[in-house]
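Please open the structure in the viewer and keep the selection tool at hand. The tour proceeds by selecting a few residues at a time.

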Amino acid sequence: MNCSDRRDLGLLLLRLGTGGVLAVHGAQKLLGWFGGGGIEGTGEAMEAMGYAPGRASATAAGLAEAGGGALLALGLATPAAGAAAAGAMAGAAAVHAPNGFFAQAGGYEYAASLGLTAVGLAVTGPGRLSLDHALGHTVNRNWMVPVAFAATAAATTVIVGARNQRVRKAAEGEQEPLFD
């Protein structure tokens, strides 16, 4: 086994692991599988987290995670798949950011890890053990990487910004009592 073979095998393992985790996480949102809330339950949770409308937010997050994860695992449309997954994880990280970095305190560590791995795969490419390679990289062109990330960054900035405004406005009405 030479270095190129090892690299392709490593990329396959990263894609299968990260893509698989993202796909089942999205299936929890979309279908209620694996103990998830489905669209209705996730929509209510998204609304409570400041993402409105909740049902549309749950659908978008579920599709980005399940679709992006499945495509990453397959190594198909890798730039778009990685960008979609990273955008969803940026939204999740925004929710967990007030709790700090570490996951044991409810922080954004896990979302950041999944998002950064998805970014790395999108930038690096899927390797030779992928559908992108088998199809001649028709949906994995170099120009697609910056386009996919620019579109995702713009959408994520708008969505997370609107969510942060809603959370701030809600917090303004919840002032602690000045005197006991």
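Select Arg55 first: in this predicted model, Arg55 has a relative accessible area of 49% and is partly exposed. Add Glu40, which is exposed at 52%. The two side chains meet in a salt bridge, with 2.1 Å from N to O. Arg55 belongs to helix H3 and Glu40 to helix H2, so this pair ties together parts that lie 15 residues apart in sequence.

Next, select Lys29 and Glu65. Are these residues buried or exposed? Both Lys29 and Glu65 are buried. They also form a salt bridge, in which the closest N and O atoms are 3.0 Å apart. Because Lys29 lies in helix H1 and Glu65 in helix H3, the pair ties together parts 36 residues apart in sequence.

Now move to Arg128 and Asp5. Their salt bridge has its closest N and O atoms 3.0 Å apart. Arg128 sits in the loop between H5 and helix H6 (131–134), while Asp5 is in helix H1, so parts 123 residues apart in sequence are tied together. Arg128 is partly exposed at 39% relative accessibility, and Asp5 is likewise partly exposed, at 32%. Add Asp8 to the selection: salt bridges with shared partners join Asp5, Asp8 and Arg128 into one network. In the whole structure, the search finds four salt bridges. In general, side chains of opposite charge can pair when their charged atoms come close.

The tour now turns to aromatic rings. How many aromatic pairs does a search of the whole structure find? The search finds three. Select Trp33 and Phe34, which form an edge-to-face pair with 6.2 Å between centres and 85 degrees between planes. Trp33 is partly exposed at 48%, whereas Phe34 is exposed at 56%. Then select Phe101 and Phe102: their ring centres are 5.1 Å apart and their planes stand at 80 degrees, so this pair is also edge-to-face. Add Tyr108 to see the cluster that ring pairs make of Phe101, Phe102 and Tyr108.

Finally, display the largest pocket, whose volume is about 730 Å³. To find its centre, select Met46, Ala61, Ala88, Gly91 and Ala92, which lie nearest to that point among the 37 lining residues. Which helix supplies the largest share of the lining? Helix H4 does, with eight residues. By class, the lining contains 24 nonpolar, ten polar and three charged residues.

Notes. Residues are numbered from 1 along each chain as its sequence is written. This is a predicted model: local features need pLDDT of at least 70, side-chain atom pairs count only at pLDDT 80 or more; totals for chains, interfaces and linings use all residues. Side-chain values use heavy atoms; hydrogens and water are left out. Rings of Phe, Tyr and Trp (its six-membered ring) pair if their centres lie within 6.5 Å; planes under 30 degrees apart count as stacked, over 60 as edge-to-face and the rest as tilted. Buried means under 20% relative accessible area, exposed over 50%, partly exposed in between (1.4 Å probe, protein chains only). On a 1 Å grid over the protein atoms alone, a cavity is a set of points where a 1.4 Å probe fits but cannot get out, and a pocket is an open set with protein on both sides within 12 Å along at least five of seven lines; lining residues have an atom within 4 Å of a point. Grid points are joined across faces, edges and corners, and a volume is the space filled by probe spheres set on the points. Helices (H or I, at least four residues) and strands (E, at least two) are DSSP runs, numbered from the N terminus. Ala, Val, Leu, Ile, Met, Phe, Trp, Tyr, Cys and Pro count as nonpolar, Asp, Glu, Lys and Arg as charged, and the others, Gly among them, as polar.
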